[in-house]
Amino acid sequence: MGRNERSLRLEWLEAFLKGRDIPYYARKIAGKLLRPVVIVSTAGRVLAFHDPSGSGFVPGDFSPPLAFGRDWGKPALMTCAELPRTCGKWPGRGKSGEIEYLAVPLVAENRYLGSVFILGQPVLTAEEEEYLWQAALALLLVFEETERGRLKEEGYQTEFVRDILYNNYDSRRDILDKARFWHWDLSGAWALVVAEERGGAHSPDIQTGVKKKKEKRDKEIEKETEVEKEKGKETKVEKGAEVEKKEAKVEKETKLEKGTTVEEETEVEKKKTQVKKEKKKETEAANGKEQEQEKEQEKEQEKEQEKEKEQEQGNEKRSLVYGFGTGPALFAAHAEGKLKDWIVRAMPLVGRDHSRETRRPHAIILNAQLLILVPLLGKEEKQHRMTVSSFLGDLLEAGGRLGLAPLDIGVGTFADAIDGVYKVYQEAKLALELGKAFAYDGPCYFAEMGVLKFIFSQPARELQEFSQRILGILIRYDEETEADLLETLQGYFEARMQVPECARTLFVHENTLRGRLKKIEQLTGFELHRVDHLANLYIALQVRRLGGQSPGPKRE
């Protein structure tokens with residue numbers, strides 16, 4: 001290690017021990033390289049920006065999406081030569097235009113912690129690279145220290161919100177006093193929003209249904225393949241029998257025509273040869289057709305497998321760039337899936353605009369669901385509805401611009417104070433499930449669910465008994481025969497009672513579907529063309545799907 005390198009490392013280590021913040025490192029690096037420098041978090045959120053050149057460029061709140069195109073590997077800490085980097089153009093805010101950049105990731109122990117962006121000419125000299133590398137080592141220590149403290153604090157905050165939702169505090173005063181510890185103002189009225197990633201990513205029922213359909217489809221493909229093979233064998237046997245008959249006929253004619261002329265014998269030989277050629281051609285054609293059918297079936301199976309792999313990869317894929325965010329009102333320390341992107345990327349873009357004086361939205365991920373507390377002003381229900389609608393509209397618009405996974409959303413009735421939020425928590429969860437059941441495109445408000453609100457507010461046991469009374473015979477029949485009548489009925493409703501669409505969804509022929517629907521009518525005694533009968537079946541299905549969840553009291 002040279003003298004300059006050693007003194008440089010000591011300089012950065014001293015800065016870390018003195019507790020220098022991230023903007024300090026941005027100023028130091030920019031001063032050395034004489035170019036604008038941006039330092040961002042795992043979520044791509046801009047943490048520091050310094051422009052010694054006075055270019056007038058304004059970076060905005062988030063960096064462009066990054067893709068370094070590789071795994072971080074096993075080394076505890078990469079060397080300067082091993083570190084991946086990428087170039088691109090950063091679109092500035094307002095009229096500042098765009099600017100070229102060189103992005104260098106900050107990586108330690110196979111974990112991505114953030115990036116340093118050098119704006120302007122994306123080429124560094126060897127001396128500049130070494131300087132940047134030494135700065136990156138110190139920045140890694142800063143990020144590690146910050147991350148450790150943030151995760152610890154977010155863990156406490158998560159427990160705090162969970163206790164509010166489960167009514168574990170004795171009084172409103174206890175909640176407000178503890179909230180002040182993090183400078184949170186939880187006074188006034190609040191709305192609670194519960195959301196899930198659209199498509200059933202967190203729904204065991206849907207996952208089970210998809211798996212069941214896949215297994216069923218695979219079995220049907222196997223059956224079709226076996227049937228085709230049997231048909232091929234039968235065809236070959238039939239064709240072989242025909243050829244043998246022709247040969248026998250030729251031999252018989254030959255025996256009867258003994259003592260014929262040489263020309264006649266030659267003609268007989270030609271007939272034999274022709275029959276053999278026909279037999280060979282037919283055999284080859286049959287084999288070729290069978291092989292083509294097998295190849296087509298294999299291709300179809302491969303396509304299905306590729307689609308399933310892509311879908312699984314899409315569900316399991318985790319971004320290298322976007323992870324846990326920063327900010328006093330944002331915490332998702334143990335978040336799973338893509339919901340955390342809504343907290344660390346979309347919430348900062350709208351939270352400031354929807355703050356109420358010292359009160360601001362707070363978000364948490366609990367049980368694979370995104371929960372957002374939205375502050376309300378005034379006392380009128382209509383005004384509260386407009387406030388929540390405006391917040392969710394801006395949030396969804398921001399998520400759409402960022403390319404985030406779409407959400408299913410449920411909103412409970414509004415709580416006059418923070419200690420009443422636990423009452424609307426169950427309502428919001430139920431509104432979410434009802435919105436998914438009825439295929440709502442936008443947020444589903446519990447207060448606007450009409451008669452369903454009263455139906456599903458009944459005690460869980462009574463709802464379950466009603467569902468069992470209506471569907472019990474279908475459940476038993478399915479268990480005995482594997483007829484999938486319950487799945488068929490659910491698919492029929494989801495397809496808006498359109499037979500062709502339902503048949504495609506269930507991978508069955510339309511006549512097969514009609515037969516199943518007729519069987520459902522025979523077993524249940526309900527007619528599928530009567531509205532009152534359809535209503536009973538539909539409500540019973542949704543009760544079963546929701547597992548009898550109800551905000552109403554449970555009766556012993």
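The second largest cavity in this structure, which I should say at once is a predicted model, has a volume of about 40 Å³, and it belongs to a set of six cavities of 30 Å³ or more that the structure holds. If you want to find this second largest cavity on the screen, look for the residues that line it, which are V161, L165, L192, H362, A363, I364, L371, I372 and L373. Three elements each supply at least two residues of that lining, namely helix α3, covering 126-165, strand β7, covering 362-366, and strand β8, covering 369-376. As for the character of the lining of the second largest cavity, eight of its residues are nonpolar and one is polar, while none is charged.

Let me now move to a pair of helices further along the chain. Helix α12, which takes in residues 485-494, packs with helix α13, residues 499-506, at an angle of about 130°, and the axes of the two lie 9 Å apart. Because of that angle, α12 counts as oblique to α13. The crossing in which α12 passes α13 is right-handed.

Which residues in α12 and α13 meet? On the α12 side they are E487, T488, G491 and Y492, and on the α13 side they are V499, C502 and L506. Sorted by class, the residues of this contact of α12 with α13 comprise four nonpolar, two polar and one charged.

To put the two sites next to each other before I stop, the lining of the second largest cavity has no charged residues, whereas the contact of α12 with α13 includes one charged residue.

Note on methods
Residues are numbered from 1 along each chain as its sequence is written. This is a predicted model: local features need pLDDT of at least 70, side-chain atom pairs count only at pLDDT 80 or more; totals for chains, interfaces and linings use all residues. Side-chain values use heavy atoms; hydrogens and water are left out. Axes are lines fitted to C-alpha atoms, for helices over the stretch in contact, and angles run from 0 to 180 degrees between N-to-C directions. Helices (H or I, at least four residues) and strands (E, at least two) are DSSP runs, numbered from the N terminus. Angles under 35 degrees count as roughly parallel, over 145 as roughly antiparallel, 65 to 115 as roughly perpendicular and the rest as oblique. A crossing is left-handed if the near helix is turned anticlockwise from the far one by less than a right angle, and right-handed if clockwise. Contact means heavy atoms within 4.5 Å. Ala, Val, Leu, Ile, Met, Phe, Trp, Tyr, Cys and Pro count as nonpolar, Asp, Glu, Lys and Arg as charged, and the others, Gly among them, as polar. On a 1 Å grid over the protein atoms alone, a cavity is a set of points where a 1.4 Å probe fits but cannot get out, and a pocket is an open set with protein on both sides within 12 Å along at least five of seven lines; lining residues have an atom within 4 Å of a point. Grid points are joined across faces, edges and corners, and a volume is the space filled by probe spheres set on the points.
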